[in-house]
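Colleague: Mind if I quiz you on the labels in this model? I'd like to hear the reasoning behind each one.

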Amino acid sequence: MRFLPLLSLAIGCLALTGAAPAEDPLVRGEEIAREAERRDKGFIDSIASVEMILTDKSGGEASRYLTIKTFERSNTADGHKSLVIFHEPLDVKGTTLLTHGEILEADQQWLYLPALKRVKRVPSSNKAGPFMASEFSYEDMLPPEVERYTHRLLGEVRCGDLRCFKIERTPKDKDSGYAKQIAFLDAEHYRLQRVEYFDRKDTHFKTLYFSDYAQYDDKHWRAANMTMVNHRSGKTTFLIWSAFAFKNGFTSADFSRVAMRQ
């Protein structure tokens, strides 16, 4: 029976050195999404100039110039607010999209059309529709609230020279135009590098790429270039961002339906 202590010791060593149980990918995915959100907290508000370039599959181009304002969420029930204002060309001048992100209820969006001189609600059933003839949908213009999705870590991969978390984001909203999104965030700064979009038939039909990041206030990272490629239509929309400014003193009143008309 003298071998029993040795056997017990061997079993104990196996228990101590055995592989730890794998962490739940849903828990880990949520943690990564929360950390990305935490790192950007405190920007208060922002404004930026944007050139939107629409291209078709034959290479034709059309440019639009706009301003995008953002107001950071102030509590756990409300999401970010944003205001998109078109300046050029003349046929879209004054067109404005107001978005109120919500956490506990459905998000709200309104479109102001100066030719009609009225504000109209963007119905939830239309959120998958194209925003101003671009490859971005109205849903893509919603703020990226963590609560909008479930997050599942699919693993770690290379994004060029970067190591990235690969996360599956599944929309909770039944009216979403997407079955899922696959997001790639770099493991060092938790910045989005690209997002792959899958339609309700689970077909990958477009991809959004982020590049040329710069850091502001020693904390907030913003991409200067965003490129949305529609693999189905062959069309591409470029967003070229510049003149970022933060903590401008905006209030909720600057993100109201009254402000849209101004």
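Modeller: Sure. Helices and strands here are DSSP runs, numbered from the N terminus. With that, glutamate 145 can be placed in the loop between strand E6 (118-121) and strand E7 (149-159). Keep in mind that this is a predicted model.

Colleague: Why is glutamate 145 called buried or exposed, whichever label it got?

Modeller: Buried means under 20% relative accessible area. Glutamate 145 has 2% relative accessibility, so it counts as buried. Setting aside neighbours within four places in sequence, glutamate 145 is in contact with Glu37, Arg73, Gly79, His80 and Ile103. Glu37 also turns up among the buried residues of H2.

Colleague: On H2, how do you know that its length agrees with what a helix should span?

Modeller: The expected span is 1.5 Å times one less than the number of residues. For the 16 residues of helix H2 (residues 25-40) that gives 22 Å, and the end C-alpha atoms are 23 Å apart, so the two agree. The cover over the buried residues of H2 includes E7, strand E8 (162-171) and strand E9 (178-186). After H2 comes glycine 42, with a positive phi near 100°.

Colleague: What makes cysteine 159 and cysteine 164 a disulfide?

Modeller: The cut-off is sulfur atoms within 2.5 Å. Theirs are 2.3 Å apart, and the pair forms a disulfide. A search of the whole structure turns up one disulfide, and both cysteine 159 and cysteine 164 are buried.

Colleague: Now the aromatics. How many pairs are there?

Modeller: Eleven aromatic pairs in the whole structure. One of them joins tyrosine 216 and phenylalanine 246, with ring centres 5.6 Å apart and planes at 45°.

Colleague: Why is the pair of tyrosine 216 and phenylalanine 246 called tilted?

Modeller: Under 30 degrees would be stacked and over 60 edge-to-face, with the rest tilted. The planes are at 45°, so the pair is tilted. Tyrosine 216 sits in strand E11 (residues 204-216) and phenylalanine 246 in strand E13 (residues 236-246), so the pair ties together parts 30 residues apart in sequence.

Colleague: And what makes phenylalanine 244 and phenylalanine 246 a stacked pair?

Modeller: Centres must lie within 6.5 Å, and stacked needs planes under 30 degrees apart. Phenylalanine 244 and phenylalanine 246 come out at 6.3 Å centre to centre with 10° between the planes, hence stacked. Tyr216, Trp241, Phe244 and Phe246 form one aromatic cluster.

Colleague: Why does tyrosine 216 get a label other than buried?

Modeller: Partly exposed runs between 20% and 50%. Tyrosine 216 is at 24% relative accessibility, so it counts as partly exposed. Phenylalanine 246, at 13%, counts as buried.

Note on methods:
Residues numbered from 1 in each chain as written. Predicted model: local features only at pLDDT ≥ 70, side-chain atom pairs only at ≥ 80, totals over all residues. Heavy atoms only, no water. Helix = DSSP H or I, 4+ residues; strand = E, 2+ residues; numbered from the N terminus. Buried < 20%, exposed > 50% of the residue type's maximum accessible area, 1.4 Å probe, protein only. Contact = heavy atoms within 4.5 Å. Phe/Tyr/Trp six-rings, centres within 6.5 Å; stacked < 30°, edge-to-face > 60°.
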